[in-house]
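I opened my notebook for a friendly look through one structure. Here is what I looked up, entry by entry.

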Amino acid sequence: MKMPEQVNRLAIVIGILVGVTLLTRFVLIPRSLVSTELHWTEAAKREVAKPVKFAGSTVCQDCHEDVAIKKAKGFHKTLACESCHGPAIKHTEDPSAMKPPAPRDRKFCPVCHAYDSSRPTGFPQINPTAHNPLKPCISCHNAHDPVPPKAPRECSACHAQIERAKAVSSHALIGCTTCHNAPARHKTAPRQALPSKPETREFCGTCHGAAGKKAPKEAPKVDLSTHGGRSLCWECHYPHLPEGRV
Amino acid sequence: MNERREFLKGAIIFFPAGGVLTALAREAAGKETVGKDAPGTDAKAQPNGKKAYNPADHWYGMGVEIDKCIGCNRCAVACKAENDVPDQPFFFRTWVERYTIARSGNVNVENISIGPQLEKAQDAREILRSFFVPKLCNHCANPPCVQVCPVNATFTTPDGAVIVDAERCIGCRYCIQACPYGARYLHPKTRTADKCTFCYHRIVKGLQPACVEVCPTQARIFGDLKSRASRLTRFMRFNKIHVLKPQLNTEPKVYYAQLDGEVR
């Protein structure tokens, strides 16, 4: 079959066009111009070139050594300066050009220290409405070395739930320290210095055992050798709210 | 006759254009050799004697200790300041969620970075447990957002940060849809996708990301998974770790300690 002359010519033109396009795309245009790696490296460079605004906690102590030493010993040792004073890279470049603000009113500290039931137990919290209203926090607490005016004396300051349960139980009159031995440091570093807990059946047995002489007569007595087999007492009974009532 | 003349004219214009392209090629090849260096550093060693930053030596991740988070929202505030995130309360690169699990089993999730800082009056007796969960881009090792980008504008850097090239992004929002963690938003000014970069401009200089820097309780830990001595490696050695939505096989690099099963 013979193709018409004009179709052949058209085929040649199309063939040249396709050839030129392929040549341009795969030979003339370098791989680097279409390679994503190059674009990505350039994009990463642009990202790196963005300005830093938080100077970082290690910079401040070069000039403010006194504050840094004070803060390093206190409860706020984990706080970066810029947590409260805001981004301060400009201040590190030229101290007179920009002075980082210091929050001095009552609005700022409650951002962390207002009571909130979702906050972890033991984190110092206050009720901003009831806690010395109208007085700025810094009039009693030094933000660089905050100390509670009094360390919590009672366990209930933090363990209110246990305190409430125990208050209505038969163990209401037993103090926390009868069973738990809390190191003094537990009040300031609750997670690092944990109070002790009873470990043996014999501990409960000092009151509830047959020979329990310490306890009042109404404390229920069991025979430790037969009661409960090898289970520990608190595997069945909750010591802060034992089920037996007098 | 006329057509042939037009064609020849076209060809005369086309071949010099080829020359221009070749010149561009040389230009780009020159750029490529520069591109092989670490971003932001010169090939030569820095004057302070430190080795130049090589992204391939690092693989960054973040640790979040739920029990330490006090929900103060300093991280979200610092992130906005550091990264020029719009001030309106619905654009976040990082944010904090409050989970409240009621006795009935209902789970209430509230983004406290948007709303009132303090909890709404709620019957405390109905709450079983409640806690804060800081959220951010998980910088997945297998990121769905990167897979769906039609123009290769978002990518993982050699050191493990998933970032967006705002100059290449066409703002199609496909990645925003694809992210199972809701970590992306469309920047209202540039109209391009924006997200947490692990503060890429800070970490290559040896600084901490802004959110980690300001966290008062050190609930956030940042570090290099390739270094055995990094804070993150230590964090992962000492804690039981979980990630968000592991069933999606995104392999997140934000590791949560004490993560509740209800957290999504």
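My entries below cover the chain contact, a sheet with its helix, and one loop residue.

**Entry: the contact between the chains.** I kept in mind that this is a predicted model. I looked up who takes part: chain A brings 39 residues to the contact and chain B brings 49. On the side of chain A that touches chain B, I found α1 (5-28), α2 (31-34), α3 (36-48), α6 (81-85) and α8 (110-113) of chain A each giving two or more residues. The largest share there is the eleven residues from α3(A). I sorted that side of chain A by class and got 20 nonpolar, eleven polar and eight charged residues.

**Entry: a sheet in chain B.** I traced an open sheet of four strands, ordered β9-β1-β11-β10 (chain B), with mixed pairing. Its edges are β9 (220-224) and β10 (241-242) of chain B, each paired on one side only. I then followed β1 (residues 60-65) of chain B, which runs antiparallel to β9(B) over five bridges. Which residue of β9(B) is the bridge partner of B:Gly63? I found B:Ile221. Across β1, β9, β10 and β11 (254-257) of chain B lies helix α7 (residues 231-238) of chain B, at about 115° to β9(B).

**Entry: A:Ser196.** I located A:Ser196 in the loop between α10 (176-179) and α11 (201-208) of chain A. Is A:Ser196 buried or exposed? A:Ser196 counts as exposed because it has 10 C-beta neighbours inside 10 Å, and the cut-off for exposed is 12 or fewer. Leaving out residues up to four places away in sequence, I saw A:Ser196 touch A:His180 and A:Asn181. From A:Ser196 to A:Ala182 I noted 6.4 Å, C-alpha to C-alpha, with the two 14 residues apart in sequence.

How values were computed
Residues are numbered from 1 along each chain as its sequence is written. Chains are lettered from A and ligands numbered from 1 in the order in which they are written. This is a predicted model: local features need pLDDT of at least 70, side-chain atom pairs count only at pLDDT 80 or more; totals for chains, interfaces and linings use all residues. Two residues are in contact if their C-beta atoms, placed from the backbone, lie within 7 Å. Ala, Val, Leu, Ile, Met, Phe, Trp, Tyr, Cys and Pro count as nonpolar, Asp, Glu, Lys and Arg as charged, and the others, Gly among them, as polar. Two strands pair if DSSP finds at least two bridges between them. Axes are lines fitted to C-alpha atoms, for helices over the stretch in contact, and angles run from 0 to 180 degrees between N-to-C directions. A residue is buried if 20 or more other C-beta atoms lie within 10 Å of its own, exposed if 12 or fewer, and partly exposed in between; C-beta atoms are placed from the backbone.
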